[in-house]
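Reader: I would be grateful for a close look at the enclosed space inside this protein. Which residues and elements surround it, and what is their chemical character?

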Amino acid sequence: MLHQAEDVSVGCRRVMMFRNWWLLVAITLVAFNLRPAITSVAAVLEELRSVLGLDPRAIPLLVALPVLAFGLSAPCGPWLARRVGPGRAIAVAMLVLAAALSGRVLGPVVMLPGTFLAGVAIMAASVLVPQVLRANRGTAWSTGLWTMGIGLGAALGAGLTQPLQYLFGGSVTWALAVWAIPALVGALLIQWHGEPGPSPTGTGGMSPLTLAESEDPQEAGGVPRHNCIGILAPLPLRKQTTAWAVTAFFGLQAMLYFSLTSSLAAFLIYKGMTPLAAAAFLGWFNVAGLPAGLLAPVLAGRRNLLAFMSSGLGILMAAVLLTMLAAPGDLQFVLVGLLGVAQGAGFGVAMTLIVIRSAGPLTAGKLSAMSQGIGFALAAMGPIGAALLLEWTQRWEATIWALAAEAILLAVAGHLAVKGRLISVEVSDESLPGPSRASSARSGPG
């Protein structure tokens, strides 16, 4: 009997290991699909205007609409997850994304609504992945692959769309529509492997990354309160300071990324580069961040390193930005690379904070929706603000100093996000201190 039980246990572990590998593949592929909808269009804006006959005033909207959709549609993912489960909700979002990517190239009437719908689908999937990782006891490596997958998708969407256009005989519409294929594959994989697996006894499904932090229930930021019948009533996220710090960190790093993406090439041209070289440096900025996006969540799994990185990355970005103002052209390659590393690591830390500062899957899902919804709404203002400031002052110095100030605010938000109390909206006796749990148990039935 004992040998049979051991055989069953070994078999279960093998099944879980196989399942988790496929989940990792599915999550990485989903991540890959979250940026080509934006970067592929940015690579062929002029061709789109001529092929589809778009009004020139509509061209900037093609890049801005998805980011605006991110900020407006954050509640869609959790709403859908409550009805069909988080894994299936991500699969539905990927199917909608595939439909939007393939349908928006049918004509100018469909292009803008299709682009907005693609942003809604991307946001719905994005806010749910931390919940899936948390529920499946995801490790720091899985979070790192998730963030690196997003960066890889952004880079390939920008770099491969024009070669795909030539491959399809000059058809820009087919070159854009082909990005629906990985979205369909991602939908299939996450549908099969995205729902939470069974939790080992004693962990409640917690990730090894977060279990150690939540062993002391009094550390929780959402300290539960008893109502008149003894049921726990945790504090809502809007009343938890750490939740706002995580949201600020996510929003500020996203604002910096979109601001730099829209203005870095123009700044480098101002510094004396050719447009072709400036575009290549913008690509280098994105590529340099890929390894950092993978490794940052792994390093951030150690609390001391997380505290250092969450504050240090903002300070590093501020220092690099200010150095770029005075540095000669020969140093710009190194400085742009450092900026890309800091930006890629910043996004990895932002996603890690959502997972590691949440007490459980429910909290991770809600915190993800809050931080990404508000954060992307804040980020959409970045490129607009940078452009307006440049137009008003006619000096790049003012814009760069403003971006450096944002980086300092990022460092402050990171410090508060790490040092604050653990975030919790979980309704559970497990979040009570020992004596309170005992009294709650005594007051229950039986």
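Author: A cavity is here a set of grid points where a 1.4 Å probe fits but cannot get out, and its volume is the space filled by probe spheres set on those points. The model examined is a predicted one.

Searching the whole structure yields two cavities of 30 Å³ or more. The largest cavity holds about 300 Å³ of space. Its lining consists of 20 residues. Those that lie nearest the centre of this cavity are Ile-150, Gly-151, Tyr-257, Gly-344 and Phe-347. Two or more lining residues come from each of the helices α8 (140–167), α12 (241–270), α13 (275–300) and α15 (329–356). In chemical terms, the lining of the largest cavity comprises ten nonpolar residues, nine polar residues and one charged residue; glycine is counted as polar in this division.

The second largest cavity encloses about 50 Å³. Its walls are formed by Leu-260, Ser-263, Leu-264, Phe-267, Leu-321, Met-324, Trp-396, Ile-400 and Leu-403. At least two of these lining residues are supplied by each of α12, α14 (303–326) and α17 (396–419). The greatest contribution is that of α12, which gives four residues. By class, eight residues of this lining are nonpolar and one is polar, with no charged residue among them.

Helix α12 therefore deserves attention in both places: this helix gives two or more residues to the lining of the largest cavity, and it gives the most to the lining of the second largest.

Definitions and conventions
Residues are numbered from 1 along each chain as its sequence is written. This is a predicted model: local features need pLDDT of at least 70, side-chain atom pairs count only at pLDDT 80 or more; totals for chains, interfaces and linings use all residues. Side-chain values use heavy atoms; hydrogens and water are left out. On a 1 Å grid over the protein atoms alone, a cavity is a set of points where a 1.4 Å probe fits but cannot get out, and a pocket is an open set with protein on both sides within 12 Å along at least five of seven lines; lining residues have an atom within 4 Å of a point.
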